[in-house]
2 protein chains.
Amino acid sequence: LKEITEIQSISFVGSGNVATHLAHAFQSADRHIHEVYSPHHSHALDFARKFNCVSRKSIQQLSSDVDLMLLCVPDSQISEVSELILPGRAIVAHTSGIEPLASLSDKIRQTGVFYPLQTFSKDRKVDFRVVPLCIEGKQASTFELLTQLAYKLSNKVVAISSPERAMLHLTAVMVNNFSNKLYGMAHEILERNQLDFNLLLPLIQETAHKMEEMSPEEAQTGPARRNDENTISRHREMLKEFPQYQQLYQLITDEIIKKTHE
Amino acid sequence: LKEITEIQSISFVGSGNVATHLAHAFQSADRHIHEVYSPHHSHALDFARKFNCVSRKSIQQLSSDVDLMLLCVPDSQISEVSELILPGRAIVAHTSGIEPLASLSDKIRQTGVFYPLQTFSKDRKVDFRVVPLCIEGKQASTFELLTQLAYKLSNKVVAISSPERAMLHLTAVMVNNFSNKLYGMAHEILERNQLDFNLLLPLIQETAHKMEEMSPEEAQTGPARRNDENTISRHREMLKEFPQYQQLYQLITDEIIKKTHE
């Protein structure tokens, strides 16, 4: 087996949002997308057309003559897929935030993690140069090769262990999924009152951009921060129509008040 | 009393962040900042120096020879301040999200609301052209004058009644103060684990910017959205060190799961 000195060719297992965004980024970085396998064969065909690569109907058909096999499958399938794959000399890496490196079959010699800390949507372009890429490798050499590849895509490449990555994933869920849920609550409340959610967009964006210049603790404002009982009780009153959000309002408010007086 | 045909001159009661940002915007729009009063006289002096205007030591000393007296004081002081003010021919408007128009003394002939739906920080420049300005006026003529003034600052001027404004304020608290609290939780958890909060910044910003292109419901992703019990229980396990956040994690997760199955 020829030793890999630089990752040049990549095959994908999975063809969803993460795979598609990564494949675009790799292609822009002059890497060769070799093959793709997906349990959804029609998705694999679309992917293959888009990246001018071969699509395979089973994992075992993937050729081992590539430098990297990248698993972009649901977390729950990583372990099983890694047992089925025939990597030959290829590095096998997964892209999950929460699965440990050890989820990959220990029969594979070179394993790693290549986790982009970003949210990917179907039709939305991502600037990979600013996306943190969290890298882990079973061996030092695998870590080096994945890190070298990551720098072709991004200026923000970091060595992150499996427990650290899980912690990052937990907090990513908070700032992404949970913030988005708050946007959804606001959307629902405004719609019910025939008010335009778009009025909140500049505020939503400024809230996010403030983090470039100050810590969340410094940026915390509002009735809870001031312990403004009058405003809080008016808000609670308005939420009578939305009992499911009253408890959430109270819990976050209490947390902000508590923190202020620590 | 000469009738006002256009708001040219403005006095401020209060000299905090909202007053300062508005005064900057008014000055850029060639309005004259006439006088300022603040219970914190040293703040008023700073403000007066910055905007080349006169500072007064009592509210009653404010000259009534201006077109607009703008109250940028804490919500709880609006009513009291409006009782003390001697507006003469001037319009008196407050800038609060939650206080109704009727909080202003009904002895004043022309009252209104000029509420900028944005968060203001001391040293952070705000692009007023995109800030929604929510306008209300006791009389049609007051509403017209405040609207005309608002368009000198922003392209997004909206007529918003007091109950509508309170609803906007409630949702603003959710997307701003509460999202920021989620950032704070993430910050605390990462710091405790010696991980860099800055790694989350591109994700935080992308989460906010997605709202330009899709609704929060379309943008909702993550373990709760997928009802991924495995990941959720690992997150819960990690939060054992942070019992105060476990309940919040569970409540938002449950809300996302519930919504998905509605």
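**Two chains and their interface**

In this model, 90 residues of chain A are in contact with 90 residues of chain B. The model is a predicted one. Together the two chains bury about 8,800 Å² between them. Of that area, 67% lies on carbon and sulfur atoms. Three residues, A:R124, A:F178 and A:L199, supply 9% of the area that chain A buries against chain B. No other three residues supply more.

The interface also holds charged and polar pairs. Eight salt bridges are found across the interface of chain A and chain B. One of them to look at is the pair A:E99 and B:R234. The closest N and O atoms of that salt bridge are 3.0 Å apart. Across the interface there are also 35 residue pairs in polar contact, with both residues at pLDDT 80 or more.

Which helices of chain A each supply at least two residues of the side that touches chain B? They are α5 (162-192), α6 (201-209), α7 (216-219), α8 (223-226), α9 (229-238) and α10 (243-260). The largest share comes from α5(A), with 26 residues. By residue class, the side of chain A that touches chain B divides into 45 nonpolar, 25 polar and 20 charged.

Now turn to chain B and its helix α6, residues 201-209. This helix is mostly covered, and nine of its nine residues are buried. The buried residues begin with B:L201, B:P202, B:L203 and B:I204. B:Q205, B:E206 and B:T207 are buried too, as are B:A208 and B:H209. What covers them? The cover includes α5 and α6 of chain A. It also includes α5 (162-192) of chain B. Elements of both chains are thus among those that cover the buried residues of α6(B).

Just ahead of that helix is a loop. B:Q194 lies in the loop between α5 and α6 of chain B. Is B:Q194 buried or exposed? B:Q194 has a relative accessible area of 70%, so it counts as exposed, the cut-off being over 50%. Its phi is near 50 degrees, a positive value in a residue other than glycine.

A:N227 makes a useful companion. Phi of A:N227 is near 50 degrees, again positive in a residue other than glycine. A:N227 lies in the loop between α8 and α9 of chain A. Its relative accessible area is 32%, and therefore A:N227 is partly exposed.

Next comes a serine in chain B. B:S154 lies in the loop between α4 (140-153) and β8 (157-159) of chain B. Where does its side chain find polar partners? A polar atom of the B:S154 side chain lies 2.7 Å from the backbone oxygen of B:V131. The backbone oxygen of B:F128 lies 3.4 Å from a polar atom of that side chain. B:S154 counts as buried because its relative accessibility is 0%. Leaving aside neighbours within four places in sequence, B:S154 is in contact with B:F128, B:R129, B:V130, B:V131 and B:L133.

Strand β4 (residues 68-71) of chain B offers another buried site. B:L68 is found in this strand. Its relative accessibility is 0%, so B:L68 counts as buried. Which residues does B:L68 touch, not counting those up to four places away in sequence? B:L68 touches B:I7, B:S9, B:I10 and B:S11. B:L68 also touches B:A90, B:I91 and B:A93, along with B:L146 and B:L149. B:H34 is 34 residues from B:L68 in sequence, and the two are 9.7 Å apart in space, C-alpha to C-alpha.

The cysteines come last. How many disulfides are there over all chains? The count is zero. Why does A:C53 have no such bond? The closest cysteine sulfur, in A:C72, is 12 Å from the sulfur of A:C53, so the two are too far apart for a bond. A:C53 is also buried, because its relative accessibility is 13%, under the 20% cut-off. A:C134 is in no disulfide either. The nearest cysteine sulfur to that of A:C134 is again in A:C72, 15 Å away. With a relative accessible area of 0%, A:C134 is buried.

Terms used:
Residues numbered from 1 in each chain as written. Chains lettered and ligands numbered in written order. Heavy atoms only, no water. Helix = DSSP H or I, 4+ residues; strand = E, 2+ residues; numbered from the N terminus. Buried < 20%, exposed > 50% of the residue type's maximum accessible area, 1.4 Å probe, protein only. Polar contact = N/O pair within 3.5 Å; in protein donor to acceptor, adjacent residues only side chain to side chain. Contact = heavy atoms within 4.5 Å. Buried area = accessible area lost by both parts, 1.4 Å probe. Salt bridge = Lys/Arg side-chain N within 4 Å of Asp/Glu carboxyl O. Nonpolar A, V, L, I, M, F, W, Y, C, P; charged D, E, K, R; others polar. Disulfide = S-S within 2.5 Å.
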